[in-house]
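The exercises below are meant for someone meeting this structure for the first time. Please work through each task with the sequence and the model in view before turning to its solution.

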Amino acid sequence: MAAPAMQQPSYLLANLKMDSTTKPFLQCCQELVKVIDDYPAKELHLIFPWLVESVFGSLDGVIVGWNLGFLQACSNQYNIVMDFLNPSGPMMKLVYKLQAEEYKYEIPVSFLPGPVKVSIQEGVLPDCPLLNNKLHFPLSGLQTLSLALNPFEYYMFMFASSLITPKNYSLRQHVSSLDSAYFVLVDTYLKYFLPTEGSVPPSPFTYKRGSVSPPAPRAPSVPFVGYGIHSTSLLKRHISHQPSVTADPAAQEIWRSEALLQVFVEMWLHHYSLEIYQKLQSPQLKEPFTPTEEHVLVVRLLVKHLHAFSCSLKPEQVSSSAHSHTSPLEELKRVVVHRFVQQKLYVFLQHCFGHWPLDASFRVVLETWLSYIQPWRYTGEKTNPQTDQNKVVPEKWSLFVQENLLMYTKLFQGFLNRVVRTDLVNVKNALMVFRVAKVFAQPNLSEMIQKGEQLFLEPEHVLHHRQHRCFLSPGHGGSFLSARQPVVTDRVFRVKSHVYGLEGQDCQYKQMFGTELRGTVLKLIQIIDQARQTAKKISDQSAEVAANNSFMSWFGMGSPDLNYTFNGGEVDDTGACVKKTHEFLERSLDYLCQIFRLNAGQLSQLMATLGSGQDDGNSKQLPDCVQGENGLILTDLGRMQVINGLRRFEIEYQGDPELQPIRSYENAILVRLFFKISSLVNERFGGHMDALCSRPDFLGQLGRHYLASPEAAADGRRRSPETRLTAERYRRPRLSLRMLASYRTLLMLLLLYLFGALFSFGPMSSTPLILTGGFLYGLLSCPVWR
């Protein structure tokens, strides 16, 4: 199509901005497609930053953009957006058009991840390939420093940043993140630029200037700031961030895969400093960035796809000559997980394990971790779910387990520290314990982990005769995608390099199968058994309550105690949920015994020890407390007892008994009417009631029986902590007529009047008899006769 008459670029941008606010969304997209097709790159260059910002939002969150995180498939705009942003769609066509002309777009350094930003502001160039030859230190200072990216990198940077940029939403929407347009686009881009089958589709545009030179090598004087001895660069003779027309066609296109991967990893994972983590040997440092559930879900998607991408590697030829002809994409598959993701994901997960709230939302972090440590799930082989549970982990994955040892052992310890502080009667928490136990109980996995620990603990003097070897890395003269080099194959050195690289040279490694951690596991088993017993009690109680709450409960003849609550667990942990909880905990015990090789005798002895330390009387005692100025205060032991359902307070209404919520078996009109009547009587004759109830004789006993607050008679019951002022406020003698508003009482009165009518007693005659009978009943039940 012929290009239209030349128009001033400022007018084109102004017209597009105006159209975006006045025209329907579909029409705007159609006009954008026409502009992208018709206009040359020189004019499109000026509208590109505005268009990308309009789609993904601004870096400061002021502009929301198309709100891809909340756009669902049921929306009318969904298909329009997906077609426009598809890897083969108009937006990517615009990117390639500008890429051919070598335009650059600036990103302020202030919007980079924290560790990278701090490093640059300190005048040190981070060991991040995404920054190679893109930073220029101005003489005026570092505060205005920007990153110059090519169109493809700029587009992916803005796309990745939109996930983590806080935005100002006028109305927070609750939608499924897994079905959002953003999540689907991430999956689409990963499958397109990191394909498990075939190669990356070539760019539809060629480069007019003949050749684009690769990034210049980093100056030797520039210090590195990175993750241990490793780097995430893919600098090889035929691979660079920009293609070269003189290179192999496959190598020309691999730079997009690398650029996308680097942007995603840096923007989604590199938010915590490994150096600070190593100094503290703990992830407890309060850092400003806090990931959301949506963020972690996308990270899990990235992890799963990279495993599938890596597992799609063709069987490696034995001869080095065959290896020398391996395509760049195949070489990328060999190193993508270990070199790009491992270190940053480890620190990311450590931070989440240490800072995530102790609730069921931790499941997204847990599943991300479990996805990473099970790469064999993403080999593409179809498995039967029934037989998959007993499937042995192939021995070929032992090297992966050893080179990722901390992912299994240190994070398992972090999970134990969390789970002993959670309420395992909650079915969602019980499910998380079950998931972890089931994964680690896979046949042959615990043996692989134990073998890795043995390799790490091998004495240093054994390695002295191997010191002439060197484990090469890009930071030490090696290359990630280089041909076969004299790289050490010794697994001992690999495991030690992994652990020391992440935890520091002075780390004190705690064995997963050592004595110290075994004690924590035994403690967890005790907690699981306690929670299992509590779940069984809840199940029995719920069944009993369900049996009592029959049709007659409408009349108040069921369980009238609205203050009744179950012993532990959440409100919805009843019925089927409680049965599921018991099942999850039961199977978790079996899996833990398999992992740590506990036989039936050891487990029975442990349970017997637990059972001898508690009896039914304990469940009726208050949690461990100390008396404070305003009442009881829970101790640490008391908190653990409450969390695991071992002991509890009786949670009940402690306000004015007359102001309790109107119950289902009460008539609301009568409750309010009798309250007004009793309030008038109490206000007028309150002094007389006090005097009557304070008498020590028979009349005083009778007055206290009829007029004393029910709260005064409940002093011996188990109560939750309350202030002394609250405890004494509602215990003055008073007249209460609320029982007359109960449907049960009204039904009984109706039956008595009908019974009197059988003996020819009218309402006027029956009333005195009923009052006399009620008085005599109360008189006989008065404590003075006991």
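**Exercise 1.** Does glutamate 586 count as buried, partly exposed or exposed?

*Solution.* Keep in mind from the start that this is a predicted model. The relative accessibility of glutamate 586 is 30%. Buried means under 20% and exposed means over 50%, with partly exposed in between, and glutamate 586 therefore counts as partly exposed.

**Exercise 2.** Find the residue with which glutamate 586 forms a salt bridge, and work out which parts of the chain the pair ties together.

*Solution.* The partner is arginine 532, whose side chain meets that of glutamate 586 in a salt bridge with an N to O distance of 2.6 Å. Next, place the two residues: glutamate 586 lies in helix α22 (residues 576–595), while arginine 532 lies in helix α21 (residues 515–548), so the salt bridge ties together parts that are 54 residues apart in sequence. Finally, look at the cover around the partner: arginine 532 has a relative accessible area of 16% and is buried. As background, side chains of opposite charge can pair when their charged atoms come close.

**Exercise 3.** Describe the salt bridges that glutamate 583 forms with lysine 580 and with arginine 587.

*Solution.* Begin with lysine 580, whose side chain meets that of glutamate 583 in a salt bridge at 4.0 Å, N to O. These two residues are three apart in helix α22, which means that about one helical turn separates them. Then take arginine 587, which also forms a salt bridge with glutamate 583, the closest N and O atoms being 3.8 Å apart. Arginine 587 and glutamate 583 are four residues apart in helix α22, and about one helical turn separates this pair as well. For the exposure of the residues, glutamate 583 is partly exposed at 34% relative accessibility, lysine 580 is partly exposed at 41%, and arginine 587 is partly exposed at 28%. Elsewhere, salt bridges that share partners join Asp19, Lys23 and Glu31 into one network. The structure holds 20 salt bridges.

**Exercise 4.** Decide whether helix α8 is largely enclosed or largely open, and compare its span with the expected one.

*Solution.* Helix α8 covers residues 181–193, and its 13 residues reach 18 Å from the first C-alpha to the last, close to the 18 Å expected at 1.5 Å a residue. Of these 13 residues, 10 are buried, so α8 is largely enclosed by the rest of the structure. Among the buried residues are Phe183, Asp187, Tyr189 and Phe193. In the chain, buried residues make up 47% of the 786 residues.

**Exercise 5.** Locate phenylalanine 761 and name the residues with which it forms a nonpolar patch.

*Solution.* Phenylalanine 761 is found in the loop between α28 (743–758) and α29 (763–780). With a relative accessible area of 38%, phenylalanine 761 is partly exposed. On the surface it forms a nonpolar patch with Phe755, Leu758, Phe759 and Leu769, and together these five residues have about 570 Å² of accessible area. For the chain, the accessible surface comes to about 39600 Å², of which 58% belongs to carbon and sulfur atoms.

How values were computed:
Residues numbered from 1 in each chain as written. Predicted model: local features only at pLDDT ≥ 70, side-chain atom pairs only at ≥ 80, totals over all residues. Heavy atoms only, no water. Buried < 20%, exposed > 50% of the residue type's maximum accessible area, 1.4 Å probe, protein only. Areas by Shrake-Rupley, 256 points an atom, 1.4 Å probe, with all protein chains shown as cover. Expected span 1.5 Å × (residues − 1). Patch = residues over 30% accessible without salt bridge, like charges linked within 9 Å, V, L, I, M, F, W, Y side chains within 5 Å.
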